[in-house]
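User: I am new to this kind of model and would like to learn how to read it. Could you take me through a few features, giving the general idea before each case?
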Amino acid sequence: MTKAVLTPVDVNYLVVTFEQVIDPQVNRQVRLLWQQLQHHQSQAGIVAMIPTYCTLQIQFDPHQTDSTQVSHLVHELILQSGDIKEPQSRKIEVPVTYGGELGPDIMTVARHNGLTQDQVIDIHTAGEYLVYMLGFNPGFPYMGGLDPRLHTPRLEVPRTRVKAGSVGIAGAQTGIYSTSSPGGWQLIGHTQFHLFNPTAQQPVLLQPGDIIKFVAI
Amino acid sequence: MGITIKEAGFLTTVQDQGREEYQHLGVPVAGAVDTFALRVGNLLLGNNPHSAGLECTLVGPTIIFNSPTVFALTGAEMEAQLNGYDIAMWTTWVACAGDVLRLGIALTGLRTYITVAGGIDTPLVLGSRAAYLPLHLGAKTGRLLAGDALPLGTFAGPQHFNRSIIAHPLVREYQRPTLDGVVKVRITPGPQHHYFSAASHADLTKAVFSVDNNSDRMGIRFQGAKIAPLNDESLISDGIPLGAMQISRDGTPIVMMADRQPTGGYPKIAVVTAVDVPLLAQCRPGTHVKFQWISREDALDLFYQKERELAQLKAWVQGQVAPLRAYRITVATKLFQVSIQEK
């Protein structure tokens with residue numbers, strides 16, 4: 001049974017909070033409600049929604065609706081959610097050039113975990129990573145499922161500039177920089193995929209619910 | 001055609017009401033930090049409410065009008081001259097080809113908005129013309145420079161020049177004098193209100209805070225008191241509403257504004273209520289601020305009241321007969337506009 005707490009915030013937000021854990025099943029509940037609401041978006045007066053690990057933030061237009069009406073809709077949809085089949089998660093293969101100039105920290109990860117560089121690549125490419133949410137920067141995926149054998153602490157001193165497309169590890173997380181930015185992740189490789197391109201038809205490559213597989217090229 | 005930037009000013013960017021629909025992709029909303037001032041400027045001109053204007057921070061730009069149009073200045077009280085003569089804010093002015101508008105220092109407040117009939121017509125990026133500087137999104141990659149030329153949209157409606165609302169209650173209230181120089185900002189409970197003790201809730205209203213230098217379009221930091229969280233638990237990243245007050249690890253309150261990242265992991269004790277976010281947009285570093293808790297019901301009352309007033313203002317503007325001609329009269333250093341209309 002889906003448990004959700006609904007909290008109206010100020011004049012135009014409703015926050016739907018599920019169980020506060022980072023867990024694929026809880027994240028699935030968030031995404032399901034998000035997808036259901038997308039079907040009702042304009043009639044319900046919903047302006048924007050942000051699905052995160054275990055919470056859905058709903059922003060609505062107070063001229064069209066109020067938190068009570070949006071709450072009723074959310075309750076109805078949660079009751080129906082058992083009957084809904086979530087669309088198949090997209091499986092996205094991301095080609096990565098591991099090591100070398102664009103993966104300068106791969107040996108740090110290897111040494112920290114008592115592995116060879118090839119073993120790091122094998123373990124990283126064997127994983128299937130769920131995109132829980134996007135945030136921090138446009139197109140930046142929060143990915144779960146990094147093998148504990150690859151967990152490595154962040155850099156002590158972050159780099160002032162990390163190239164977009166860099167693939168990295170920070171603690172128990174793995175991810176891909178969607179834009180150039182400062183960063184403290186251990187960089188193990190690089191992909192040519194543009195995770196964010198503001199002028200493209202589809203400006204962001206990934207979406208919550210995608211399953212990422214890295215492929216060494 | 002359009003306008004040309006002669007001098008850029010301190011930080012001048014093209015802004016509209018931002019891009020709301022890409023937050024789930026990690027794209028910040030951006031847009032005018034003072035949405036009220038931009039909105040009123042567009043309203044006075046009879047513009048589409050999504051029209052873009054120029055957000056001028058602290059020291060404004062000098063611009064040249066390349067073709068005749070109508071413009072308005074709203075927001076922070078800024079020194080303003082048209083062709084060397086002082087002009088009033090909150091008023092729509094005719095500009096002729098070759099006219100020079102020079103904005104100087106903001107006398108009070110922080111951000112002044114130049115709106116022009118038809119709006120600034122730069123290309124839409126992700127549905128909006130709003131500049132987002134950290135990613136160089138927007139016209140001319142964001143920050144405007146001397147020499148930049150900006151096109152204006154075509155404007156089909158009646159030309160609303162010589163509309164002045166300097167003495168209107170909406171503007172009076174917006175400029176309301178602070179009590180003892182302290183700006184009163186009303187807050188409602190944030191998504192993590194319950195993460196904090198009643199003592200912490202009270203601490204937020206007892207102190208007089210001041211706006212820290214390290215404040216910008218993304219967020220406003222406050223000094224004056226530290227707010228203790230209830231526990232040390234990390235918050236799992238969730239959405240950040242506009243005006244949300246995060247408490248950072250060292251207890252500093254930070255209110256998240258237009259350029260905020262859509263998601264984050266710091267607990268949000270409060271949200272600055274919607275009608276007071278524009279007030280914060282005008283608080284420069286050093287400004288003293290006091291927070292006051294209000295209920296969501298009161299917040300809704302304030303919001304709908306303001307919307308009614310804006311609707312009345314819009315009706316008044318639309319109900320005015322468009323003037324036939326405008327004349328300029330200069331008296332000493334000041335410019336006045338006189339219009340003639342059909343009876």
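Analyst: What follows goes through the interface, a salt bridge and two helix pairs. This is a predicted model, in which local features need pLDDT of at least 70 and side-chain atom pairs count only at pLDDT 80 or more, while totals for chains, interfaces and linings use all residues. Residues are numbered from 1 along each chain as its sequence is written, chains are lettered from A and ligands numbered from 1 in the order in which they are written, and side-chain values use heavy atoms, with hydrogens and water left out.

User: How many residues of chain A and chain B are in contact, and what area is buried between them?
Analyst: Contact means heavy atoms within 4.5 Å, and buried area is the accessible area (1.4 Å probe) that two parts lose on being put together, summed over both. Here 38 residues of chain A touch 37 residues of chain B, and about 3,000 Å² is buried, with carbon and sulfur atoms giving 65% of that area. A:D10, A:V11 and A:I50 supply 20% of what chain A buries against chain B, more than any other three residues.

User: How many salt bridges are there over all chains?
Analyst: Side chains of opposite charge can pair when their charged atoms come close. The rule asks for a side-chain nitrogen of Lys or Arg within 4 Å of a carboxyl oxygen of Asp or Glu, and it counts 14 salt bridges over all chains but zero across the interface of chain A and chain B. One pair joins B:R328 and B:D99 at 2.7 Å, N to O; these residues lie 229 residues apart, B:R328 in strand β21 of chain B and B:D99 in the loop between β8 and β9 of chain B (strands are DSSP runs of E, at least two residues, numbered from the N terminus).

User: At what angle do the axes of helix α1 and helix α5 of chain B cross?
Analyst: Axes are lines fitted to C-alpha atoms, for helices over the stretch in contact, and angles run from 0 to 180 degrees between N-to-C directions; helices are DSSP runs of H or I, at least four residues. The axes of α1 (residues 35–45) and α5 (residues 296–319) of chain B come within 9 Å and cross at roughly 25°, which makes α1(B) roughly parallel to α5(B) (angles under 35 degrees).

Key:
Parallel < 35°, antiparallel > 145°, perpendicular 65-115°, else oblique.
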